[in-house]
Amino acid sequence: MSINMYMQMDKNTVSAAEQLKETGSIKFFNYDGKGKRVIFVGNSITLHGKKADIGWHGEWGMAASSKEKDYVHLLMSAICEKSPDCSFCICQVAEWERRYKSGKSVYDLFENARGFNADIIVMRFVENCPKNDFDKLIFKKETVDLLQYLNPSKNAKIILTTGFWRHPADDGIVEIAEELNLPLVKLGDLGEKDEMKAIGLFEHSGVANHPGDLGMKEIADRIFEILKYYL
């Protein structure tokens with residue numbers, strides 16, 4: 001890998017701060033469903049609120065053209081085809097990413113997600129963890145602690161992913177998967193392909209470098225290849 005392996009991540013100039021109002025960090029869909037309970041733990045690629053100053057007017061995964069085309073909604077649709085009446089939760093953890101070295105300090109934002117008591121946890125975050133002075137050992141410990149916090153029953157199936165843009169934490173995620181025997185979905189190649197992004201569709205370059213519809217579909221397809229066996 002070249003010395004510029006993280007150059008795609010540097011193109012993400014969308015701030016990790018205030019991606020959602022604090023009260024909007026958790027969203028539920030069909031909460032009382034009788035099927036599996038699935039939680040998506042993510043960042044702006046999972047859910048970003050409206051932010052007119054960067055030209056983002058959606059309230060779904062950046063930068064899909066509609067909520068139905070972000071990876072979360074694509075997965076929810078695929079899951080329900082295989083296992084109807086499932087319940088879903090989005091847990092947006094950009095604030096945790098920003099402060100990963102003291103991750104427990106923001107657990108109060110995720111209390112309702114913990115109470116969701118998920119059967120399946122999809123971990124699709126990392127990109128907002130500060131690259132400078134990155135500490136892999138702290139990241140690994142705090143990531144495992146967060147996943148355990150969101151899994152109070154200790155029975156949930158957990159799926160890990162690497163970053164859409166390659167990140168120094170990817171190695172830590174790979175090690176967590178190996179040490180805990182968890183399935184891992186690698187995504188870093190997608191962030192190196194312009195056709196997987198929303199290039200040309202948004203004036204703000206940070207938004208445009210997020211996954212577009214094709215990138216979102218590829219993320220969903222790769223995750224579902226594992227998730228389908230847990231339904």
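Is R124 buried or exposed? R124 is buried, with a relative accessible area of 0%. Keep in mind as you read on that this is a predicted model.

## Salt bridges

Let's stay with R124 for a moment. Its partner in a salt bridge is E127, and the closest N and O atoms of the two are 2.7 Å apart. E127 is buried too, at a relative accessible area of 5%. The whole structure holds 18 salt bridges, and a few others are worth a look.

Take D189, which sits in the loop between β6 (184–185) and α7 (205–208). The side chain of D189 meets that of K193 in a salt bridge, 3.5 Å from N to O. D189 also forms a salt bridge with R222, where the closest N and O atoms are 2.8 Å apart. That second pair links distant parts of the chain: R222 belongs to helix α8 (residues 213–227), and the two residues are 33 apart. D189 counts as partly exposed at 24% relative accessibility, K193 counts as partly exposed at 32%, and R222 is partly exposed at 21%. Elsewhere, salt bridges link K104, K141, E142 and D145 in a network.

## A buried charge without a salt bridge

Now for D70, which you'll find in the loop between β2 (37–42) and α2 (71–82). D70 is buried, yet has no salt bridge. How far away is the nearest side chain of opposite charge? That side chain belongs to K67, and it is 9.1 Å away. A salt bridge needs the nitrogen and oxygen within 4 Å, so K67 is too far from D70 to make one.

What does D70 have around it, then? Its side chain reaches the backbone nitrogen of V72 at 3.2 Å. Leaving out residues up to four places away in sequence, D70 touches T46, W60, G61, A64 and M216.

The loop between β2 and α2 is also home to G58. G58 is buried, with a relative accessible area of 2%. Setting aside neighbours within four places in sequence, G58 is in contact with H48, G49 and K50. As for L47, it is 11 residues from G58 in sequence, and their C-alpha atoms are 9.1 Å apart.

## Strand β3 and its partners

Have a look at strand β3 (residues 87–92) next: 6 of its 6 residues are buried. In a regular strand, side chains alternate between the two faces of the sheet. Both faces of β3 are covered, with S87, C89 and C91 buried on one side and F88, I90 and Q92 buried on the other.

Which way do its partner strands pair with β3? Strand β1 (residues 26–29) and β3 pair in the antiparallel sense over 4 bridges, and F29 has F88 as its bridge partner in β3. β2 and β3 pair in the parallel sense over 6 bridges. Here, G42 has Q92 as its bridge partner in β3.

## Cysteines, but no disulfides

A disulfide is a covalent bond between the sulfur atoms of two cysteines. How many disulfides does a search of the whole structure find? The count is 0. C80 is in no disulfide, and the nearest cysteine sulfur, that of C86, is 5.3 Å away. C89 is in no disulfide either, with the sulfur of C91 as its nearest cysteine sulfur at 6.0 Å.

These two cysteines also sit in contrasting settings: C80 counts as partly exposed at 30% relative accessibility, whereas C89 is buried, with a relative accessible area of 0%.

Methods:
Residues numbered from 1 in each chain as written. Predicted model: local features only at pLDDT ≥ 70, side-chain atom pairs only at ≥ 80, totals over all residues. Heavy atoms only, no water. Buried < 20%, exposed > 50% of the residue type's maximum accessible area, 1.4 Å probe, protein only. Lys, Arg positive; Asp, Glu negative; His and termini not counted. Polar contact = N/O pair within 3.5 Å; in protein donor to acceptor, adjacent residues only side chain to side chain. Contact = heavy atoms within 4.5 Å. Disulfide = S-S within 2.5 Å. Pairing = 2+ DSSP bridges.
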